[in-house]
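Please look over the sequence and the structure shown here before reading on. The report that follows takes the parts of the chain one after another.

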Amino acid sequence: MIENGKKVPQVTVKRLSRYLRVLEHFSEQGYETISSEELANELHVKPSQLRKDLAYFGEFGTRGMGYSVSKLAEVLRKILGLHRQWAIAIIGVGNLGTALLRYKGLNEKGFRVAALFDDDPEKVGSARSGIHIYHVDNLANVVKEKNIQIVILTVPAPAARAAAEAVIKAGIKSILNFAPVSIKTGPEITCLQVDIASELKILSHYLAGQDVSGGKDGKVAIPG
Ligand code: NAD
């Protein structure tokens, strides 16, 4: 993401969605304004980090008054492209693909599953949660027809690279890959990898560190 000529780091973009989540929570609690300290404390980041993150996009908030919760949430939604709905597709309608499809949070956050793809003849032609399952060979046509912008890959690892290539060939620029395979893309494609096992390994690392060092108060510092 480039903003005002400056490249916005991916960690900043990640924090923006966390700021938004907190703002939505405060809004539900009836808050109208929030200070940078309050917002930053909720996410265990420094207020200076929060201000630096927001500074990529302009000046927000009033000195001594803090931020307007609704206005800052709206700005963040715009920056994150959440003021509109995105049509997404899931390739690989197995255990994980079906679980993601059934996750109501996708729709609520503006991500509408418009098509499903698989290569299993028993699944192709049927529907899940009212969404048609197309053969993956029809990807390019359906992507165009349904204006699909984001693809979630939930195929087995050996099929993931070829599926990603087909996705990119179909003109998709945003991929969320759940298969445990790294996918090489050009700079114009954003491919994010989700791997619960890697996250668990990080937790395991910190737990193991705790065992070895036996910290005085038993606390382990988790990086932000
Ligand atoms: P699954 O076997 O239940 O489902 C895979 C689906 O992909 C099946 O419907 C199959 O027919 C389809 N498929 C296979 N080859 C295909 C191809 N070339 N084109 C289109 N569809 C194809 O598997 P699952 O348990 O749902 O797991 C799916 C993927 O997600 C695996 O790669 C798995 O390792 C990964 N996974 C990742 C995480 C994570 O944290 N990232 C967690 C669980 C599973």
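## Domains, sheet and helix

In this predicted model, the domain assignment of the protein gives domain 1 as residues 2–79 and domain 2 as residues 86–198. The C-alpha centres of domain 1 and domain 2 lie 31 Å apart.

Gly81 belongs to the loop between helix H4 (69–79) and strand S5 (86–91). With a relative accessibility of 10%, Gly81 counts as buried, because buried means under 20% relative accessible area. Although Gly81 and Gly110 are 29 residues apart in sequence, their C-alpha atoms are 9.4 Å apart in space.

Turning to the sheet, seven strands form an open arrangement in the order S7-S8-S6-S5-S9-S10-S11, with mixed pairing. The edges are taken by S7 and strand S11 (190–193), each of which has a single partner strand, so one side of each is left without a neighbour in the sheet. S10 and S11 pair in the parallel sense over four bridges, and Asn177 stands opposite Gln193 in S11. Helix H8 packs on the sheet, where it touches S5, S9 and S10, and its direction makes about 170° with that of S9.

How far apart are the end C-alpha atoms of helix H8 (residues 157–169)? They are 19 Å apart, which agrees with the 18 Å that the 13 residues of this helix should span at 1.5 Å a residue, because the expected span is 1.5 Å times one less than the number of residues. The buried residues of H8 are Ala160, Ala163, Ala164 and Val167. An α-helix has 3.6 residues a turn, so residues three or four places apart point the same way. The buried residues of H8 pack against S5, H7, S9 and strand S10 (174–177). Just after H8, Gly171 takes a positive phi of about 100°.

Most residues other than glycine have a negative phi. The table lists two residues other than glycine for which phi is positive.

| Residue | Phi | Loop between |
|---|---|---|
| Ser129 | near 50° | strand S7 (127–128) and strand S8 (131–135) |
| Asn147 | near 55° | helix H7 (139–145) and strand S9 (150–153) |

Is Asn147 buried or exposed? Asn147 is partly exposed, because its relative accessible area of 47% falls between the cut-offs of 20% for buried and 50% for exposed.

Conventions: Residues are numbered from 1 along each chain as its sequence is written. This is a predicted model: local features need pLDDT of at least 70, side-chain atom pairs count only at pLDDT 80 or more; totals for chains, interfaces and linings use all residues. Side-chain values use heavy atoms; hydrogens and water are left out. Domain bounds come from an automatic or database domain assignment. Helices (H or I, at least four residues) and strands (E, at least two) are DSSP runs, numbered from the N terminus. Buried means under 20% relative accessible area, exposed over 50%, partly exposed in between (1.4 Å probe, protein chains only). Contact means heavy atoms within 4.5 Å. Two strands pair if DSSP finds at least two bridges between them. Axes are lines fitted to C-alpha atoms, for helices over the stretch in contact, and angles run from 0 to 180 degrees between N-to-C directions.
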